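With the model open in your viewer, follow the stops below in order, selecting each named residue or element as it comes up.

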Amino acid sequence: MQVLSLYHATTTALHCLFCGTAVVPDALDDEGLPEACAHTLFIAHPEGCEYLAPALEAALADRGYTLADGTLTADADAGDEEDEDDPFALLTGMPFPDQLVVIRSAGNPQGLEIWVGFAPVFD
Ligand SMILES: [Zn+2]
(Lines give C-alpha, C1' and ligand atoms only; values in the text may rest on other atoms or scores of the structure.)
Protein backbone atom coordinates (compact mmCIF):
# COMPACT_ATOMS: atom_id res chain seq x y z
CA MET A 1 0.00 0.00 0.00
CA GLN A 2 1.12 3.51 -0.73
CA VAL A 3 -0.28 6.61 0.92
CA LEU A 4 -0.33 9.98 -0.76
CA SER A 5 -0.99 12.89 1.60
CA LEU A 6 -2.20 16.13 0.05
CA TYR A 7 -2.30 19.29 2.13
CA HIS A 8 -2.74 21.95 -0.55
CA ALA A 9 -5.16 20.28 -2.94
CA THR A 10 -8.47 21.16 -1.30
CA THR A 11 -9.81 22.80 -4.43
CA THR A 12 -8.72 20.00 -6.72
CA ALA A 13 -10.92 17.03 -7.55
CA LEU A 14 -9.53 13.58 -6.88
CA HIS A 15 -9.71 11.33 -9.91
CA CYS A 16 -9.20 7.60 -10.01
CA LEU A 17 -5.77 6.96 -11.50
CA PHE A 18 -7.03 3.80 -13.16
CA CYS A 19 -10.11 5.08 -15.01
CA GLY A 20 -10.13 8.85 -14.55
CA THR A 21 -13.46 9.14 -12.77
CA ALA A 22 -13.74 12.22 -10.54
CA VAL A 23 -14.36 10.32 -7.32
CA VAL A 24 -14.21 13.29 -4.96
CA PRO A 25 -15.50 16.68 -6.08
CA ASP A 26 -13.27 19.71 -6.27
CA ALA A 27 -13.74 20.99 -2.72
CA LEU A 28 -14.30 19.39 0.63
CA ASP A 29 -17.36 21.55 1.22
CA ASP A 30 -18.67 21.03 -2.29
CA GLU A 31 -22.35 20.25 -2.61
CA GLY A 32 -21.43 17.37 -4.89
CA LEU A 33 -21.12 14.01 -3.21
CA PRO A 34 -18.21 11.65 -3.70
CA GLU A 35 -18.93 9.05 -6.34
CA ALA A 36 -17.12 5.73 -6.30
CA CYS A 37 -15.83 4.11 -9.49
CA ALA A 38 -15.07 0.42 -10.04
CA HIS A 39 -11.58 0.90 -8.48
CA THR A 40 -12.67 2.70 -5.33
CA LEU A 41 -12.12 0.61 -2.22
CA PHE A 42 -13.40 3.19 0.25
CA ILE A 43 -14.31 6.81 0.74
CA ALA A 44 -14.06 7.76 4.39
CA HIS A 45 -12.99 10.38 6.88
CA PRO A 46 -12.09 10.28 10.56
CA GLU A 47 -15.75 10.45 11.58
CA GLY A 48 -17.01 7.63 9.38
CA CYS A 49 -17.29 5.86 6.07
CA GLU A 50 -19.20 7.15 3.07
CA TYR A 51 -18.53 4.20 0.79
CA LEU A 52 -17.07 0.72 1.02
CA ALA A 53 -16.57 -1.48 -2.03
CA PRO A 54 -18.47 -4.76 -1.70
CA ALA A 55 -15.15 -6.67 -1.72
CA LEU A 56 -13.80 -4.56 1.13
CA GLU A 57 -17.03 -4.85 3.07
CA ALA A 58 -16.81 -8.64 2.68
CA ALA A 59 -13.16 -8.68 3.80
CA LEU A 60 -14.06 -6.63 6.87
CA ALA A 61 -17.06 -8.86 7.59
CA ASP A 62 -14.69 -11.86 7.52
CA ARG A 63 -12.76 -10.16 10.31
CA GLY A 64 -15.92 -9.45 12.27
CA TYR A 65 -16.66 -5.85 11.36
CA THR A 66 -19.87 -4.48 9.94
CA LEU A 67 -20.72 -1.04 8.59
CA ALA A 68 -23.84 0.62 9.98
CA ASP A 69 -24.75 4.27 9.55
CA GLY A 70 -21.25 5.08 8.35
CA THR A 71 -19.48 3.54 11.32
CA LEU A 72 -17.49 0.33 11.38
CA THR A 73 -18.56 -1.72 14.33
CA ALA A 74 -16.80 -4.77 15.70
CA ASP A 75 -18.90 -7.83 16.26
CA ALA A 76 -18.47 -9.62 19.55
CA ASP A 77 -15.93 -12.03 18.06
CA ALA A 78 -13.91 -9.44 16.14
CA GLY A 79 -10.13 -9.40 16.37
CA ASP A 80 -7.98 -6.75 17.71
CA GLU A 81 -9.29 -3.75 19.55
CA GLU A 82 -6.49 -1.55 18.28
CA ASP A 83 -7.93 -1.85 14.80
CA GLU A 84 -11.32 -0.83 16.06
CA ASP A 85 -9.90 2.35 17.53
CA ASP A 86 -8.19 3.20 14.29
CA PRO A 87 -10.58 3.11 11.34
CA PHE A 88 -7.81 4.16 8.95
CA ALA A 89 -5.72 1.13 9.92
CA LEU A 90 -8.76 -1.09 9.57
CA LEU A 91 -9.69 0.23 6.11
CA THR A 92 -6.17 0.07 4.76
CA GLY A 93 -5.20 -3.19 6.43
CA MET A 94 -7.09 -5.46 4.05
CA PRO A 95 -5.13 -7.47 1.48
CA PHE A 96 -5.75 -5.62 -1.78
CA PRO A 97 -2.63 -5.59 -3.96
CA ASP A 98 -1.31 -2.24 -5.20
CA GLN A 99 -3.66 -0.33 -2.99
CA LEU A 100 -3.21 3.43 -3.20
CA VAL A 101 -4.66 5.64 -0.50
CA VAL A 102 -5.07 9.38 -0.95
CA ILE A 103 -5.50 11.53 2.14
CA ARG A 104 -6.71 15.01 1.29
CA SER A 105 -6.50 17.36 4.22
CA ALA A 106 -7.77 20.91 4.40
CA GLY A 107 -5.70 21.61 7.49
CA ASN A 108 -6.65 24.14 10.10
CA PRO A 109 -8.95 25.81 10.81
CA GLN A 110 -11.34 23.55 8.91
CA GLY A 111 -9.57 20.35 9.89
CA LEU A 112 -11.42 18.47 7.19
CA GLU A 113 -9.88 15.30 5.90
CA ILE A 114 -11.03 12.69 3.43
CA TRP A 115 -9.48 9.28 2.76
CA VAL A 116 -9.93 7.52 -0.55
CA GLY A 117 -8.62 4.03 -1.23
CA PHE A 118 -8.11 2.73 -4.76
CA ALA A 119 -7.05 -0.66 -6.08
CA PRO A 120 -6.56 -1.69 -9.71
CA VAL A 121 -8.50 -4.97 -9.76
CA PHE A 122 -10.98 -6.57 -7.47
CA ASP A 123 -14.43 -8.11 -7.73
ZN1 LIG B 1 -11.63 3.99 -11.39
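Begin by selecting Leu41 in this predicted model, and then, leaving aside its neighbours within four places in sequence, add the residues it is in contact with, which are Ala53, Leu56, Phe96, Gln99, Gly117, Phe118 and Ala119.

Move next to Phe42, which has its place in strand 4, the stretch covering residues 40-45. Is Phe42 buried or exposed? Phe42 counts as buried because 27 other C-beta atoms lie within 10 Å, where 20 or more are required. Not counting residues up to four places away in sequence, Phe42 touches Cys49, Tyr51, Leu52, Ala53, Leu56, Leu91 and Gly117. Select Val116 as well, and set a C-alpha to C-alpha distance to Phe42: the two are 5.6 Å apart in space, although 74 residues separate them in sequence.

Now widen the selection to the largest nonpolar core, which has 27 residues, and in which Leu41, Phe42, Leu56 and Val116 are those with the most contacts. To see where this core comes from, colour the elements that give two or more residues to it, namely strand 3 (22-24), strand 4, strand 5 (48-52), helix 1 (54-62), helix 3 (87-92), strand 8 (100-107) and strand 9 (112-118). In soluble globular proteins, nonpolar side chains tend to be buried together.

Finally, show the whole protein, in which there are 3 helices and 9 strands, following one another along the sequence in the pattern β-β-β-β-β-α-β-β-α-α-β-β. Of its 123 residues, 27% are buried, and among contacts with a separation of 6 or more, 42% are between residues 24 or more positions apart.

Definitions and conventions. Residues are numbered from 1 along each chain as its sequence is written. This is a predicted model: local features need pLDDT of at least 70, side-chain atom pairs count only at pLDDT 80 or more; totals for chains, interfaces and linings use all residues. Helices (H or I, at least four residues) and strands (E, at least two) are DSSP runs, numbered from the N terminus. A residue is buried if 20 or more other C-beta atoms lie within 10 Å of its own, exposed if 12 or fewer, and partly exposed in between; C-beta atoms are placed from the backbone. Two residues are in contact if their C-beta atoms, placed from the backbone, lie within 7 Å. A nonpolar core is a set of buried Ala, Val, Leu, Ile, Met, Phe, Trp, Tyr and Cys residues joined through C-beta atoms within 7 Å.
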